[in-house]
Amino acid sequence: MPERMTKPTLRLLAILLGDPSREWYGLELMELADLPSGTAYPMLHRLEADGWLISTREEIDPTNEGRPRRRLYRLTGLGEAGTRRAVGERNAPPTPVRRPTLELPHRGVTA
Amino acid sequence: MTPALIAIGVLLCWVVKQVIGTLLAQQVKGSIPDYAAAKAKAAARVLPSVLADAYLEDWLAELDALADKPLSALRFAHGLPRAACRIAWLAGAALPVSRLRLAAERFFDISVSALILAFLAPLFGVAALALRLERKNTPIFFRSARLGRGGAIIGVRKFYTTRLCEGTLHIQCRPTRVGAVLERCFLVQLPNLINVLRGELALVGPPAMRVGAADEITQGRLHALEVRPGMVSWEALAIAGAVTMTLEDARLRDGSRGLKSDAALFVACMAATGRAARLGRGA
């Protein structure tokens, strides 16, 4: 699971969740989520490394199609379940934040 | 000069402007794909070799989808160097940085911390004296063991704002009177500047990790050990929600070498830290 679910990450995942069986290319996701390329591609890289996304090279004949093959992303089972959970949590009412406990007094260098 | 001549002059200027504007627009529009491809190639050079070819191929393939959208292509191309830096960082690659920038950053850290310490020396002295008078048997500084650059153990100093603890099962601690004043005035961390002068901390950098906190040293945090930890950090601000940036962006900014103590970045980080502290977000 990504270390922390930020709003842009959730926005991108929500688009993928809109049609979990569909495959999307990076630029398409970037435009739909309204993210700059400097944010979208690292996010896709990280989500793929975390096992939330899987990417494959488009299966087309570049000469027939007249364009190069793109990398396509789709949600994995883990990613789909995680996104559903994250979206649910985001829509849930906020829980009160507990302040961190205070440090006990120590002398000198301590761990 | 008659009004007719003025009108003709204005009209001529307008025509020339329109012609030049159209020619320039066509020229710019025509060169955007080349520009974007060059940006993609330059960005891919930052990536580790195992990723560079794959990403360059991906980016060039997607440029094709932007053939009829020059402005989107420009926006896409502008973000690629940033994307490459972040991906390289996520993949654990060291980003290229000049020795001059590293030296400039260290110079900035030393001069700013020395200046702040000199300026606040009287306050520093009063705080130390008050702490000593309040509790004679305790040291003035509290040194907590943290991981510094390269995993070296450093003692991060702060004022020893002793806490009075009560209770047996549920221990409740509260600061002493002097400690409470120092905490309210955000002065507890002031001795961190001594660590900055000693070269153990930077003004801005990743949060110093606790020794033995194995859970913190995940893949994403290992890079944090390559640079000096910071007295203030964007990561803490992002976690506290005091700045609107993703955690990855914050960590990238904290971990980037030779850039993070840039004057504007430092001032912005300090201001955000102050705001977060006032709001009680504990950044």
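**Close-up views of a predicted two-chain model**

**View 1. The exposed and buried sides of helix H6 in chain B.** Arg177(B), Ala180(B) and Arg184(B) are exposed on the other side of H6(B), where exposed means that 12 or fewer other C-beta atoms lie within 10 Å of a residue's own, buried means 20 or more, partly exposed is in between, and C-beta atoms are placed from the backbone. This is a predicted model, so local features need pLDDT of at least 70 and side-chain atom pairs count only at pLDDT 80 or more, while totals for chains, interfaces and linings use all residues. Residues are numbered from 1 along each chain as its sequence is written, and chains are lettered from A and ligands numbered from 1 in the order in which they are written. Helices (H or I, at least four residues) and strands (E, at least two) are DSSP runs, numbered from the N terminus. H6(B) covers residues 177-184, and its buried residues are Val178(B), Gly179(B) and Leu182(B). These sit on the same side of H6(B) because they cover an arc of only 100° around the axis, taking the directions from the helix axis to the C-beta atoms. They pack against helix H5 (121-134), strand E2 (153-159) and strand E4 (172-175) of chain B. After H6(B) comes Phe186(B), with a positive phi near 55°.

**View 2. A small stack of strands in chain A.** Here's an open sheet of 3 strands, in the order E1-E3-E2, with antiparallel pairing. Strand E1 (24-25) and strand E2 (53-57) of chain A are at the edges, each pairing on one side only. Strands count as paired if DSSP finds at least two bridges between them; E2(A) and strand E3 (residues 71-75) of chain A have 5. Look for Ser55(A) opposite Tyr73(A) in E3(A).

**View 3. The largest nonpolar core.** This core has 38 residues, and Ala40(B), Ala84(B) and Ile87(B) have the most contacts inside it. A nonpolar core is a set of buried Ala, Val, Leu, Ile, Met, Phe, Trp, Tyr and Cys residues joined through C-beta atoms within 7 Å. H3(B) gives the largest share, 11 residues. Leaving aside neighbours within four places in sequence, Ile87(B) is in contact (C-beta atoms, placed from the backbone, within 7 Å) with Tyr41(A), Pro42(A), His45(A), Leu47(B), Leu51(B) and Tyr55(B). A second, separate core of 30 residues includes Leu147(B), Leu190(B), Val196(B) and Cys269(B).

Key. Contact = placed C-beta atoms within 7 Å.
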